[in-house]
Amino acid sequence: MASAHLDVLINQKGGVGKSTLTVNIAAVVAENLGAVPDGNSPVVAVGIDPQGSTEKWAERVEEDALPFDYMAASEDPGAVAELKQDPEVRRILADCPGFLDVNGNASTRDPLGAGPAADALRAILDVADRAIVPMTTEFLSREPTEYTIERVLKPRGIPFVVVVNLWDPRDGTDDRDETFRWIDRHGYPRAPHAIRRYKIHTHAAESGTVVTRYKESGTAYRAREDFYRLALHLNGAA
Ligand SMILES: Nc1ncnc2c1ncn2[C@@H]1O[C@H](COP(=O)(O)OP(=O)(O)OP(=O)(O)O)[C@@H](O)[C@H]1O
Ligand SMILES: [Mg+2]
């Protein structure tokens with residue numbers, strides 16, 4: 001029996017959309033696998049964030065309203081390795097903490113440092129099949145993105161895909177395209193489309209819902225389109 005495919009959502013930088021992408025990719029993938037909200041889902045979103053932001057989000061979610069299951073793994077990172085072997089589980093999306101416990105000493109072999117947060121991250125990276133690296137079009141998101149890829153993912157041989165998030169179409173395409181070029185220049189694989197910035201995503205996080213459940217509207221349609229396209233790309237690239 002093949003084990004479930006584990007994607008980790010990771011970027012050293014906070015606020016780039018790791019948690020938002022985790023739950024919305026999980027929702028779209030679960031829907032595509034025909035999961036129903038009240039059954040055991042073949043898709044599990046895992047929060048290993050010791051600050052518990054995914055957990056706080058999960059608490060706001062109406063029970064049985066989601067097409068994927070949720071598991072908090074901050075206490076026991078080994079639980080994810082076990083989850084991969086669960087024959088009913090096909091996909092796992094793991095939301096990593098915003099700030100890596102980085103050891104400032106550049107000569108250190110492992111830049112993740114010490115402590116429980118670093119241990120949890122190492123444990124999950126050990127069993128990861130792929131990393132999804134969200135970044136924004138902000139200049140400040142480049143260095144942490146490069147650091148995450150060069151120091152954390154490449155040395156471990158973890159395949160990865162960069163996803164541009166929080167692009168505001170009202171600002172025009174320049175920043176987005178400049179970010180795409182930066183990614184391409186580095187030779188990093190990336191999703192062909194950016195995830196657009198829509199307030200509906202921010203509100204959804206507050207009210208505990210996901211993109212597949214947004215009330216019908218033009219914005220909801222476009223927001224969903226972004227995640228369907230991303231999920232298609234991820235499936236093709238898996
Ligand atoms: N595409 C988007 N459109 C609108 N708002 C978004 C989008 N992506 C993320 N956000 C919002 O931006 C903020 C940061 O996103 P999120 O919490 O997902 O980032 P994160 O990388 O998990 O942050 P942290 O490192 O703090 O865990 C949140 O308020 C979220 O609702
Ligand atoms: Mg988060």
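The legends below describe close-up views of a predicted model.

**View 1. Surroundings of ligand 1 in the predicted model.** Ligand 1 occupies the space of the largest pocket, and the elements that each give two or more residues to the shell around ligand 1 are helix H1 (18-32), strand E6 (160-167), strand E7 (195-196) and helix H7 (199-207). The shell holds 17 residues, of which Gly 15, Lys 18, Ser 19, Thr 20 and Thr 202 come nearest to ligand 1. Sorted by character, the residues of this shell comprise 5 that are nonpolar, 9 that are polar and 3 that are charged.

**View 2. Polar contacts between ligand 1 and the protein.** On the backbone side, an N or O atom of Val 16 lies 3.2 Å from an oxygen atom of ligand 1, and a polar backbone atom of Gly 17 is 3.0 Å from an oxygen atom of ligand 1. A side chain also takes part, since an N or O atom in the side chain of Thr 202 is found 2.9 Å from a nitrogen atom of ligand 1. Taken alone, ligand 1 would expose 630 Å², and the protein buries 79% of that area.

**View 3. Arg 130 and the partners of its side chain.** Arg 130 lies in strand E5, which spans residues 130-135. Arg 130 counts as buried because its relative accessibility is 4%, and buried means under 20%. The side chain of Arg 130 is joined to the side chain of Asp 7 by a polar contact of 2.6 Å, and the side chain of Arg 130 also reaches the backbone oxygen of Leu 234, at 2.8 Å.

**View 4. Leu 166 and its backbone angle.** Leu 166 is found in strand E6, one of the elements that give two or more residues to the shell around ligand 1. Most residues other than glycine have a negative phi. Leu 166, although not a glycine, has a positive phi of about 65°. With a relative accessible area of 25%, Leu 166 is classed as partly exposed, because that class lies between the limits of 20% for buried and 50% for exposed.

**View 5. Gln 85 in its loop, with His 5.** Gln 85 belongs to the loop between helix H3 (78-84) and strand E4 (91-95). Its relative accessibility is 53%, and Gln 85 therefore counts as exposed, a class that begins over 50%. Along the chain Gln 85 and His 5 are 80 residues apart, while their C-alpha atoms are separated by 9.9 Å in the model.

Notes:
Residues numbered from 1 in each chain as written. Chains lettered and ligands numbered in written order. Predicted model: local features only at pLDDT ≥ 70, side-chain atom pairs only at ≥ 80, totals over all residues. Heavy atoms only, no water. Near = heavy atom within 4 Å. Polar contact = N/O pair within 3.5 Å; in protein donor to acceptor, adjacent residues only side chain to side chain. Areas by Shrake-Rupley, 256 points an atom, 1.4 Å probe, with all protein chains shown as cover. 1 Å grid on protein atoms, 1.4 Å probe; cavity = no way out; pocket = protein on both sides within 12 Å on 5 of 7 lines; lining within 4 Å. Sits in = over half its atoms within 2 Å of the grid points. Helix = DSSP H or I, 4+ residues; strand = E, 2+ residues; numbered from the N terminus. Nonpolar A, V, L, I, M, F, W, Y, C, P; charged D, E, K, R; others polar. Buried < 20%, exposed > 50% of the residue type's maximum accessible area, 1.4 Å probe, protein only.
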